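I opened the coordinates with a short list of things to look up, and I kept these notes as I worked through them.

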Amino acid sequence: MVSKLISRKKIPELVDAMIGDFIVVATTNKNNVPTLTEISSSDEVLFDTELPMISIKKLFHPAKQDLFKFNRTTGVIKSCLEESDIGVEKKIVVFGVRPCDITGNNVLDEIFKEYFRDEFYNTLRERALIIGINCLQPCYENCFCESMNSNDPKSGYDLMLTEIAKDNFIIVPNTDGGKRILRLYPDLFQEPTDEDFEKYVRTLELKKNSFKKDILVEGLPSELEDKFESRAWKKYTKECLFCGSCTFVCPTCYCFNVKDKISIDLKTGIRQREWDSCYYPEFASVAGGHDFRHEKERRFRYRYLHKFIDIPRRYNVEGCVGCGRCITYCPADIDVRDVVEDVRGEM
Amino acid sequence: MSKPKIGIVGFTGCAGCQLSILDLEDELLDLLSLVDIIDFRMAMSGNKKGPYDILFVEGSIVNTKQEEELKELRTKAKVLVAIGSCACFGGVQAIRNYRNDRVIREAQYGKDADKFPVIKVKPINKVVDVDHYILECPVNKYEFLDFVKYFLIGGKPKLPNLPVCHQCKAKENRCIFLEDNIICMGPIIQAGCDALCPSYGLPCDGCRGSTLEAAYQQQVDLMVKKGASVSDVTRFLLKYNGEDPQVKEFLFKAWMEHDKNLKYGEDDKE
């Protein structure tokens with residue numbers, strides 16, 4: 001068995017050891033809000049905190065990203081992947097990722113890796129190793145991961161830490177990359193005993209009982225499809241500010257806009273992409289000026305339909321992972337669970 | 001092709017926009033290799049009054065003399081661009097439109113108030129046709145530069161039409177509205193400033209004007225729910241955007257409904 005045991009007080013040592021060999025990203029208190037940042041010491045890490053505001057998606061699909069440089073007169077283009085430091089050997093280790101974020105990133109993997117291969121996403125993604133930390137109970141009141149079947153991902157991480165008893169963690173590798181990390185620092189780990197494994201199995205059993213379902217997703221796509229003109233959409237449209245915050249903090253929202261920036265010489269320029277939100281007025285406008293979702297209500301409804309109908313049907317994964325960030329960071333206190341239930345409950 | 005001739009003029013305002021353009025220190029020399037600045041009173045002497053290929057106008061119009069002057073300038077300019085909040089939405093001085101202007105003039109000039117006749121504060125598009133708007137107070141110098149670049153290659157930059165929350169979240173700022181209960185106009189104000197104020201823990205003041213289809217009523221209701229009064233919130237909106245047509249309609253209604261004691265828009269005769 002390749003799983004290892006690590007005590008709680010050794011975990012900061014593990015983080016510090018990894019800083020020497022990798023670029024380590026973890027949740028810190030930068031800007032007075034939980035934020036994933038590159039760290040230079042384990043002192044910066046918030047070990048027992050709730051979710052960072054922006055999920056790990058920002059590491060692979062940044063808020064703003066340079067795509068390529070172009071020359072308007074010669075027509076030459078040069079990908080920004082070639083000249084950035086993305087190609088350097090050092091891998092990134094993301095430490096302490098929650099199961100819902102791992103599942104969320106699996107959705108992005110599905111879209112950017114399988115459905116449409118996006119080189120920019122994949123170059124960053126392939127460079128990262130993810131060390132997850134298991135949630136043994138719901139982390140806060142807005143969490144509804146159990147409803148979205150997202151708190152027990154089978155893939156998308158390299159190592160998973162699970163607290164089995166007071167101050168002891170079982171660390172289970174899921175990929176070769178994970179095994180390599182375990183081999184790199186043998187002094188920090190112990191061999192787990194049979195008793196530890198029993199505890200581990202028991203912990204996972206207990207975990208199952210600690211979560212309850214807030215909403216039932218079985219049959220949700222077709223139910224929502226039948227409630228296309230529900231009054232509930234109107235009700236929430238009147239509360240929503242259309243600021244788009246929910247889409248940026250969402251681990252599975254991936255929409256972006258592409259823009260060109262011209263240099264002062266008027267010949268060269270750079271093409272960039274940045275996050276966009278389906279809540280914004282011009283999101284669905286096309287060449288010729290037609291806007292497919294010119295009414296606010298349509299835009300409000302669209303996001304829900306995309307998450308709960310389109311993504312499950314097209315990619316066979318849940319489009320929402322139940323992390324609850326959109327509830328936490330909504331200035332208008334709109335709760336995705338209430339919206340779904342209201343729409344569903346309407347006759 | 002000869003270099004396009006550019007003018008930068010100012011009406012009533014703080015001249016901060018003109019200063020912002022001068023503040024393009026790293027780009028100014030490159031800019032001058034692309035265009036001829038023929039009229040820029042703040043920066044140079046020997047100014048020529050047109051003809052201009054692009055005329056940038058700062059400030060709002062507050063009296064009839066300025067109106068005539070602006071109309072005259074319009075005839076000499078191929079393209080006229082409003083820069084900054086005053087020229088686009090009336091700016092801070094547009095607050096006067098919501099008050100009794102006689103009281104305001106008397107506070108300033110005493111018995112001589114009549115010697116300073118004024119009209120209602122107008123953004124420049126109420127006097128002449130405006131081809132493009134560049135926002136922010138003072139004007140965003142990079143957007144100014146972008147406009148010049150796009151003009152030279154034959155186009156026009158697009159307004160971002162995103163709220164400030166977009167850039168605030170992208171920068172991973174703490175949400176001062178949710179966490180610290182500070183009134184912030186971020187959700188309904190046009191982005192482009194890179195969420196400058198919220199990045200330093202200050203609320204968005206709304207200097208870039210409201211975003212397309214802004215949700216005013218929801219914004220006011222929310223702020224009131226958090227403990228602000230309706231006049232607090234509307235005052236925030238009024239600060240720079242008194243003559244933004246979208247905001248104006250809303251402000252009048254909100255004030256009339258919620259705060260009947262305040263006689264806003266008393267002098268509402270054009």
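**Helix α6 of chain B**

I began with the length of helix α6 (residues 141-153) of chain B: at 1.5 Å a residue its 13 residues should span 18 Å, and its end C-alpha atoms are 19 Å apart, which agrees. I note here that this is a predicted model.

I then looked at the start of α6(B), where a side-chain oxygen of B:Asn140 comes to within 3.0 Å of the backbone nitrogen of B:Tyr142. For burial I listed the residues of α6(B) that are covered, and among them I found B:Phe144, B:Leu145, B:Phe147, B:Val148 and B:Leu152, while the buried set also includes the charged residues B:Lys141, B:Glu143, B:Asp146 and B:Lys149. After the helix comes B:Gly154, with a positive phi near 85 degrees.

In the loop between β5 (132-134) and α6 of chain B I located B:Pro138, and I recorded that the peptide bond joining B:Cys137 to B:Pro138 is cis, with omega about -10 degrees.

**Backbone angles in chain A**

I kept in mind that most residues other than glycine have a negative phi, and that most peptide bonds are trans. Against that background I wrote down A:Asn32, which is not a glycine yet has a positive phi of about 60 degrees, and which sits in the loop between β2 (23-28) and β3 (35-38) of chain A. I entered A:Asn316 as well, again not a glycine and with a positive phi of about 60 degrees; A:Asn316 belongs to the loop between α11 (296-315) and α12 (325-328) of chain A, and its relative accessible area of 69% makes it exposed.

**Strand β8 of chain A**

Next I turned to strand β8 (residues 159-165) of chain A, in which 5 of the 7 residues are buried. I traced its neighbours: strand β7 (residues 128-133) of chain A pairs with β8(A) in the parallel sense over 3 bridges, whereas strand β9 (residues 168-173) of chain A runs antiparallel to β8(A) and is joined to it by 6 bridges. A:Leu161 appears in both pairings, as the bridge partner of A:Ile133 and standing opposite A:Ile171 in β9(A). The hairpin of β8(A) and β9(A) has 2 residues between the strands, and there I found A:Asp167 with a positive phi near 65 degrees.

**Salt bridges**

I looked up the total over all chains, which is 43 salt bridges, and I followed some of them individually.

What does A:Glu163 form a salt bridge with? I found that the partner is A:Arg8, with the closest N and O atoms 3.0 Å apart. A:Glu163 lies in strand β8 of chain A and A:Arg8 in the loop between β1 (4-7) and α1 (11-21) of chain A, so the pair ties together parts that are 155 residues apart in sequence. I noted A:Glu163 as partly exposed at 25% relative accessible area, and A:Arg8 as partly exposed at 30%.

I then checked B:Glu172, which forms a salt bridge with A:Lys58 at 2.6 Å between the closest N and O atoms. Because B:Glu172 lies in the loop between α7 (164-170) and α8 (176-180) of chain B and A:Lys58 in helix α2 (residues 57-60) of chain A, the pair joins two chains. I recorded B:Glu172 as buried, with a relative accessible area of 9%, and A:Lys58 as buried at 15%.

My last entry is the salt bridge between the side chains of B:Asp180 and B:Arg174, at 2.9 Å from N to O.

How values were computed: Residues numbered from 1 in each chain as written. Chains lettered and ligands numbered in written order. Predicted model: local features only at pLDDT ≥ 70, side-chain atom pairs only at ≥ 80, totals over all residues. Heavy atoms only, no water. Buried < 20%, exposed > 50% of the residue type's maximum accessible area, 1.4 Å probe, protein only. Helix = DSSP H or I, 4+ residues; strand = E, 2+ residues; numbered from the N terminus. Pairing = 2+ DSSP bridges. Expected span 1.5 Å × (residues − 1). Polar contact = N/O pair within 3.5 Å; in protein donor to acceptor, adjacent residues only side chain to side chain. Salt bridge = Lys/Arg side-chain N within 4 Å of Asp/Glu carboxyl O.
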